[in-house]
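Biologist: Got a minute to go through this one with me? I'd like to ask about it piece by piece.

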Amino acid sequence: MPEEEPERLISEDGLRLDGRKPDEMRPLKIKAGVLKRADGSAYVELGANRIVAAVYGPRELHPRHKQKPDRAVVRFRYNMAPFSVDERKRPGPDRRSIEISKLSKEALEPAIFTEYYPRTAIDIFVEVLQADAGTRCAGITAASVALADAGIEMRDLVAACAAGKVDGHIVLDPMYYEDGYGEADVPLAMMPKEGEITLLQMDGDMTPEEFKKAVKLAKKGCKIVYKEQRRALKRKYGEE
Ligand code: CDP
(Lines give C-alpha, C1' and ligand atoms only; values in the text may rest on other atoms or scores of the structure.)
Protein backbone atom coordinates (compact mmCIF):
# COMPACT_ATOMS: atom_id res chain seq x y z
CA MET A 1 0.00 0.00 0.00
CA PRO A 2 1.39 3.46 -0.83
CA GLU A 3 2.41 5.32 2.33
CA GLU A 4 0.24 8.42 2.15
CA GLU A 5 -3.37 8.15 1.17
CA PRO A 6 -4.19 10.90 -1.33
CA GLU A 7 -7.24 12.99 -0.48
CA ARG A 8 -8.87 12.10 -3.75
CA LEU A 9 -7.90 9.90 -6.65
CA ILE A 10 -9.98 11.69 -9.28
CA SER A 11 -9.98 15.47 -9.48
CA GLU A 12 -13.04 17.66 -9.96
CA ASP A 13 -12.35 17.85 -13.68
CA GLY A 14 -12.30 14.08 -13.88
CA LEU A 15 -8.56 13.55 -14.18
CA ARG A 16 -6.49 11.02 -12.30
CA LEU A 17 -3.42 11.59 -10.10
CA ASP A 18 -1.08 11.14 -13.07
CA GLY A 19 -3.24 13.34 -15.30
CA ARG A 20 -4.87 10.52 -17.23
CA LYS A 21 -8.50 10.43 -18.26
CA PRO A 22 -10.49 7.50 -16.84
CA ASP A 23 -10.28 5.51 -20.09
CA GLU A 24 -6.61 6.22 -20.72
CA MET A 25 -3.82 3.68 -20.38
CA ARG A 26 -0.36 4.44 -19.06
CA PRO A 27 2.41 4.85 -21.66
CA LEU A 28 3.29 1.39 -22.97
CA LYS A 29 6.56 0.31 -24.58
CA ILE A 30 7.33 -3.21 -25.75
CA LYS A 31 10.58 -4.57 -27.12
CA ALA A 32 10.93 -8.10 -28.48
CA GLY A 33 14.17 -10.07 -28.27
CA VAL A 34 16.18 -8.48 -25.48
CA LEU A 35 18.04 -11.50 -24.05
CA LYS A 36 20.73 -13.42 -25.91
CA ARG A 37 20.48 -16.75 -24.09
CA ALA A 38 16.72 -17.14 -24.08
CA ASP A 39 14.91 -18.67 -27.07
CA GLY A 40 12.52 -15.74 -26.93
CA SER A 41 12.26 -12.64 -24.77
CA ALA A 42 10.56 -9.31 -24.34
CA TYR A 43 10.77 -6.17 -22.24
CA VAL A 44 7.71 -4.18 -21.23
CA GLU A 45 7.34 -0.74 -19.70
CA LEU A 46 3.84 0.12 -18.61
CA GLY A 47 3.92 3.39 -16.73
CA ALA A 48 6.50 2.75 -14.01
CA ASN A 49 6.35 -1.05 -14.39
CA ARG A 50 9.55 -2.60 -15.78
CA ILE A 51 9.23 -6.25 -16.71
CA VAL A 52 11.33 -8.81 -18.59
CA ALA A 53 10.01 -12.10 -19.92
CA ALA A 54 12.19 -15.00 -21.07
CA VAL A 55 11.07 -18.17 -22.82
CA TYR A 56 13.10 -21.37 -23.03
CA GLY A 57 11.93 -24.21 -25.21
CA PRO A 58 10.28 -26.21 -26.46
CA ARG A 59 12.99 -28.34 -24.82
CA GLU A 60 13.22 -31.87 -23.53
CA LEU A 61 11.46 -32.19 -20.19
CA HIS A 62 13.26 -33.82 -17.28
CA PRO A 63 12.41 -35.87 -15.30
CA ARG A 64 10.86 -37.87 -18.09
CA HIS A 65 7.82 -39.00 -16.11
CA LYS A 66 6.65 -35.38 -16.23
CA GLN A 67 6.52 -35.44 -20.02
CA LYS A 68 3.16 -35.54 -21.82
CA PRO A 69 3.19 -37.88 -24.83
CA ASP A 70 0.75 -35.71 -26.79
CA ARG A 71 1.71 -32.14 -25.91
CA ALA A 72 4.16 -29.72 -24.35
CA VAL A 73 4.03 -28.89 -20.67
CA VAL A 74 3.89 -25.13 -20.10
CA ARG A 75 5.54 -23.80 -16.94
CA PHE A 76 5.43 -20.20 -15.77
CA ARG A 77 7.36 -18.44 -13.03
CA TYR A 78 6.48 -14.90 -11.99
CA ASN A 79 9.09 -13.33 -9.78
CA MET A 80 9.47 -9.91 -8.21
CA ALA A 81 12.96 -8.56 -7.64
CA PRO A 82 13.58 -7.56 -4.00
CA PHE A 83 14.14 -3.96 -5.19
CA SER A 84 11.02 -3.81 -7.37
CA VAL A 85 8.73 -2.45 -4.65
CA ASP A 86 8.88 0.23 -1.93
CA GLU A 87 9.33 -2.18 0.91
CA ARG A 88 12.00 -4.76 0.04
CA LYS A 89 10.36 -7.96 -1.13
CA ARG A 90 11.84 -11.08 0.43
CA PRO A 91 13.41 -13.09 -2.38
CA GLY A 92 11.74 -16.30 -3.44
CA PRO A 93 8.20 -17.45 -4.06
CA ASP A 94 5.36 -16.34 -1.81
CA ARG A 95 1.63 -17.07 -1.99
CA ARG A 96 0.99 -14.12 -4.28
CA SER A 97 3.68 -14.97 -6.83
CA ILE A 98 2.69 -18.66 -6.85
CA GLU A 99 -0.91 -17.65 -7.57
CA ILE A 100 0.13 -15.18 -10.29
CA SER A 101 2.39 -17.82 -11.88
CA LYS A 102 -0.51 -20.26 -12.03
CA LEU A 103 -3.07 -17.87 -13.48
CA SER A 104 -0.55 -16.46 -15.97
CA LYS A 105 0.20 -19.95 -17.24
CA GLU A 106 -3.53 -20.58 -17.58
CA ALA A 107 -3.95 -17.27 -19.41
CA LEU A 108 -1.29 -18.17 -21.99
CA GLU A 109 -1.68 -21.91 -22.47
CA PRO A 110 -4.89 -21.76 -24.56
CA ALA A 111 -2.98 -19.69 -27.14
CA ILE A 112 -0.13 -22.17 -27.56
CA PHE A 113 -0.36 -25.14 -29.95
CA THR A 114 1.08 -27.42 -27.26
CA GLU A 115 0.12 -30.46 -29.34
CA TYR A 116 2.83 -29.54 -31.85
CA TYR A 117 5.52 -30.14 -29.24
CA PRO A 118 4.94 -33.48 -27.49
CA ARG A 119 7.22 -34.52 -24.61
CA THR A 120 8.72 -31.05 -24.26
CA ALA A 121 8.60 -28.21 -21.76
CA ILE A 122 8.01 -24.57 -22.56
CA ASP A 123 9.39 -22.53 -19.69
CA ILE A 124 8.31 -18.94 -19.23
CA PHE A 125 9.96 -16.63 -16.74
CA VAL A 126 8.67 -13.20 -15.84
CA GLU A 127 10.91 -10.95 -13.79
CA VAL A 128 9.42 -7.79 -12.36
CA LEU A 129 12.22 -5.25 -11.98
CA GLN A 130 9.98 -2.36 -10.95
CA ALA A 131 6.35 -2.72 -9.92
CA ASP A 132 3.59 -0.13 -10.01
CA ALA A 133 0.39 -2.21 -10.12
CA GLY A 134 -0.84 -4.24 -13.05
CA THR A 135 2.26 -6.43 -13.12
CA ARG A 136 0.37 -9.68 -13.72
CA CYS A 137 -1.14 -8.18 -16.88
CA ALA A 138 2.11 -6.61 -18.06
CA GLY A 139 3.84 -9.94 -17.34
CA ILE A 140 1.37 -11.88 -19.48
CA THR A 141 1.71 -9.26 -22.23
CA ALA A 142 5.51 -9.59 -22.14
CA ALA A 143 5.44 -13.39 -21.97
CA SER A 144 3.19 -13.60 -24.98
CA VAL A 145 5.62 -11.53 -27.09
CA ALA A 146 8.51 -13.66 -25.78
CA LEU A 147 6.66 -16.84 -26.86
CA ALA A 148 6.18 -15.44 -30.35
CA ASP A 149 9.83 -14.33 -30.40
CA ALA A 150 10.81 -17.92 -29.55
CA GLY A 151 8.97 -19.02 -32.69
CA ILE A 152 6.41 -21.04 -30.74
CA GLU A 153 3.25 -21.60 -32.75
CA MET A 154 0.26 -19.79 -31.31
CA ARG A 155 -3.39 -19.26 -32.14
CA ASP A 156 -3.00 -15.59 -31.29
CA LEU A 157 -1.06 -13.32 -28.98
CA VAL A 158 -2.50 -12.92 -25.50
CA ALA A 159 -2.93 -9.30 -24.50
CA ALA A 160 -3.67 -8.31 -20.92
CA CYS A 161 -4.87 -5.17 -19.18
CA ALA A 162 -6.72 -4.27 -15.97
CA ALA A 163 -9.57 -1.92 -15.23
CA GLY A 164 -10.53 -0.71 -11.79
CA LYS A 165 -12.91 1.28 -9.68
CA VAL A 166 -11.48 4.44 -8.17
CA ASP A 167 -13.51 7.06 -6.25
CA GLY A 168 -16.61 5.51 -7.81
CA HIS A 169 -15.27 5.83 -11.39
CA ILE A 170 -14.39 2.92 -13.65
CA VAL A 171 -10.84 3.50 -14.88
CA LEU A 172 -8.45 1.79 -17.26
CA ASP A 173 -5.10 0.39 -16.13
CA PRO A 174 -4.93 1.44 -12.44
CA MET A 175 -1.50 2.46 -11.15
CA TYR A 176 -0.13 1.89 -7.65
CA TYR A 177 -2.14 4.52 -5.75
CA GLU A 178 -5.33 3.61 -7.55
CA ASP A 179 -4.78 -0.08 -6.93
CA GLY A 180 -3.92 0.51 -3.28
CA TYR A 181 -6.69 2.98 -2.43
CA GLY A 182 -9.25 2.20 -5.11
CA GLU A 183 -12.35 0.10 -4.58
CA ALA A 184 -11.74 -2.70 -7.08
CA ASP A 185 -9.39 -4.16 -9.66
CA VAL A 186 -10.33 -6.32 -12.67
CA PRO A 187 -7.38 -7.86 -14.55
CA LEU A 188 -8.29 -9.38 -17.91
CA ALA A 189 -6.34 -11.28 -20.58
CA MET A 190 -7.64 -12.23 -23.99
CA MET A 191 -6.84 -13.43 -27.46
CA PRO A 192 -8.09 -10.37 -29.32
CA LYS A 193 -8.56 -12.01 -32.75
CA GLU A 194 -11.36 -14.30 -31.55
CA GLY A 195 -12.19 -12.28 -28.46
CA GLU A 196 -11.61 -15.26 -26.18
CA ILE A 197 -10.94 -14.28 -22.56
CA THR A 198 -8.27 -16.37 -20.82
CA LEU A 199 -8.04 -14.50 -17.51
CA LEU A 200 -10.66 -12.58 -15.60
CA GLN A 201 -10.33 -11.73 -11.92
CA MET A 202 -11.97 -9.29 -9.59
CA ASP A 203 -10.59 -8.00 -6.34
CA GLY A 204 -12.81 -5.59 -4.38
CA ASP A 205 -16.40 -4.45 -4.67
CA MET A 206 -18.38 -3.56 -7.77
CA THR A 207 -22.00 -3.70 -8.82
CA PRO A 208 -22.78 -6.02 -11.75
CA GLU A 209 -23.16 -2.92 -13.98
CA GLU A 210 -19.79 -1.56 -12.89
CA PHE A 211 -18.22 -4.95 -13.49
CA LYS A 212 -19.60 -5.04 -17.03
CA LYS A 213 -18.25 -1.58 -17.66
CA ALA A 214 -14.86 -2.56 -16.27
CA VAL A 215 -14.69 -5.66 -18.48
CA LYS A 216 -15.55 -3.58 -21.52
CA LEU A 217 -12.87 -1.05 -20.67
CA ALA A 218 -10.23 -3.72 -19.94
CA LYS A 219 -11.02 -5.28 -23.34
CA LYS A 220 -10.46 -1.91 -24.95
CA GLY A 221 -7.11 -1.75 -23.15
CA CYS A 222 -6.20 -5.21 -24.48
CA LYS A 223 -6.75 -3.99 -28.03
CA ILE A 224 -4.23 -1.18 -27.45
CA VAL A 225 -1.80 -3.67 -25.89
CA TYR A 226 -2.27 -6.07 -28.81
CA LYS A 227 -1.36 -3.38 -31.31
CA GLU A 228 1.85 -2.62 -29.42
CA GLN A 229 2.72 -6.31 -29.14
CA ARG A 230 2.40 -6.75 -32.88
CA ARG A 231 4.38 -3.61 -33.56
CA ALA A 232 7.20 -4.86 -31.30
CA LEU A 233 7.36 -8.14 -33.20
CA LYS A 234 7.24 -6.43 -36.56
CA ARG A 235 10.03 -4.09 -35.50
CA LYS A 236 12.24 -7.01 -34.56
CA TYR A 237 11.45 -9.02 -37.67
CA GLY A 238 11.97 -6.15 -40.03
CA GLU A 239 8.48 -5.39 -41.25
CA GLU A 240 8.39 -1.94 -39.73
O1 CDP B 1 0.80 -6.16 -9.83
P2 CDP B 1 -0.62 -6.61 -9.81
O3 CDP B 1 -1.58 -5.46 -9.84
O4 CDP B 1 -0.91 -7.64 -10.87
O5 CDP B 1 -0.83 -7.41 -8.45
P6 CDP B 1 -1.33 -6.90 -7.01
O7 CDP B 1 -1.15 -8.07 -6.08
O8 CDP B 1 -2.66 -6.26 -7.13
O9 CDP B 1 -0.25 -5.82 -6.60
C10 CDP B 1 -0.40 -4.48 -6.91
C11 CDP B 1 0.90 -3.76 -6.68
O12 CDP B 1 1.23 -3.77 -5.30
C13 CDP B 1 2.13 -4.37 -7.34
O14 CDP B 1 2.19 -4.13 -8.73
C15 CDP B 1 3.20 -3.67 -6.57
O16 CDP B 1 3.39 -2.35 -7.07
C17 CDP B 1 2.62 -3.62 -5.17
N18 CDP B 1 3.20 -4.70 -4.32
C19 CDP B 1 4.13 -4.33 -3.37
O20 CDP B 1 4.42 -3.15 -3.20
N21 CDP B 1 4.73 -5.31 -2.60
C22 CDP B 1 4.43 -6.61 -2.76
N23 CDP B 1 5.02 -7.56 -2.02
C24 CDP B 1 3.48 -6.98 -3.73
C25 CDP B 1 2.88 -5.99 -4.49
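Biologist: Is Ala133 buried or exposed, and at what relative accessibility?

Modeller: Keep in mind that this is a predicted model. Ala133 is found in the loop between β5 and α2. The cut-off for buried is under 20% relative accessible area. Ala133 therefore counts as buried, with a relative accessibility of 13%.

Biologist: What is the phi of Ala133, roughly?

Modeller: Ala133 is not a glycine, and yet its phi is positive. The value is about 75°.

Biologist: Which other non-glycine residue has a positive phi, near 55°?

Modeller: Look at the loop between β7 (169–172) and α3. The residue there counts as buried because its relative accessibility is 2%. With phi near 55°, the residue is Asp173.

Biologist: Which side chain makes a polar contact with the side chain of Asp173?

Modeller: Go back to the segment before β1 (28–32). The residue in question sits at 4% relative accessibility, so it counts as buried too. Its side chain also reaches the backbone oxygen of Asp132 at 2.8 Å. The contact with the Asp173 side chain is 2.9 Å, and the partner is Arg26.

Biologist: On to the ligand. Which residue brings a polar side-chain atom to 2.8 Å from one of its oxygen atoms?

Modeller: Let's separate backbone from side chain. Ala133 puts a backbone N or O atom 2.8 Å from an oxygen atom of the ligand, and a polar backbone atom of Ala131 is 3.5 Å from a ligand oxygen. The side-chain atom at 2.8 Å belongs to Arg136.

Biologist: How much of the ligand does the protein bury?

Modeller: Start with the ligand taken alone, which exposes 520 Å². Of that area, the protein buries 78%.

Biologist: Which elements give two or more residues to the shell around the ligand?

Modeller: The residues around the ligand include Thr135, Arg136, Tyr176 and Asp179. Ala131, Asp132, Ala133 and Gly134 are also among them. The elements that give two or more residues are α2 (135–149) and α3 (176–181).

Biologist: And by class, how many of the shell residues are charged?

Modeller: Among the residues around the ligand are Arg96, Asp132, Arg136 and Asp179. The shell also has 5 nonpolar and 2 polar residues. The charged count is 4.

Biologist: Which strand does β4 pair with, and how many bridges join them?

Modeller: β4 covers residues 73–80 and is mostly covered, with 6 of its 8 residues buried. One of its bridges takes Arg75 to Asp123. The two strands run parallel, and the partner is β5 (residues 120–130), joined by 8 bridges.

Biologist: What is the handedness of the β-α-β unit that β4 and β5 make with a helix?

Modeller: The helix is α1, residues 95–108. Taken with β4 and β5, the unit is left-handed.

Biologist: Last one: where is the cis peptide bond with omega about -5°?

Modeller: Don't mix it up with the cis bond joining Gly57 and Pro58, where omega is about 0°. Pro58 has its place in strand β3 (residues 49–60). The bond you're after involves a proline in the loop between β3 and β4. It joins His62 and Pro63.

How values were computed:
Residues numbered from 1 in each chain as written. Predicted model: local features only at pLDDT ≥ 70, side-chain atom pairs only at ≥ 80, totals over all residues. Heavy atoms only, no water. Near = heavy atom within 4 Å. Polar contact = N/O pair within 3.5 Å; in protein donor to acceptor, adjacent residues only side chain to side chain. Areas by Shrake-Rupley, 256 points an atom, 1.4 Å probe, with all protein chains shown as cover. Helix = DSSP H or I, 4+ residues; strand = E, 2+ residues; numbered from the N terminus. Nonpolar A, V, L, I, M, F, W, Y, C, P; charged D, E, K, R; others polar. Buried < 20%, exposed > 50% of the residue type's maximum accessible area, 1.4 Å probe, protein only. Pairing = 2+ DSSP bridges. Right-handed = clockwise from strand over helix to strand, strands pointing away.
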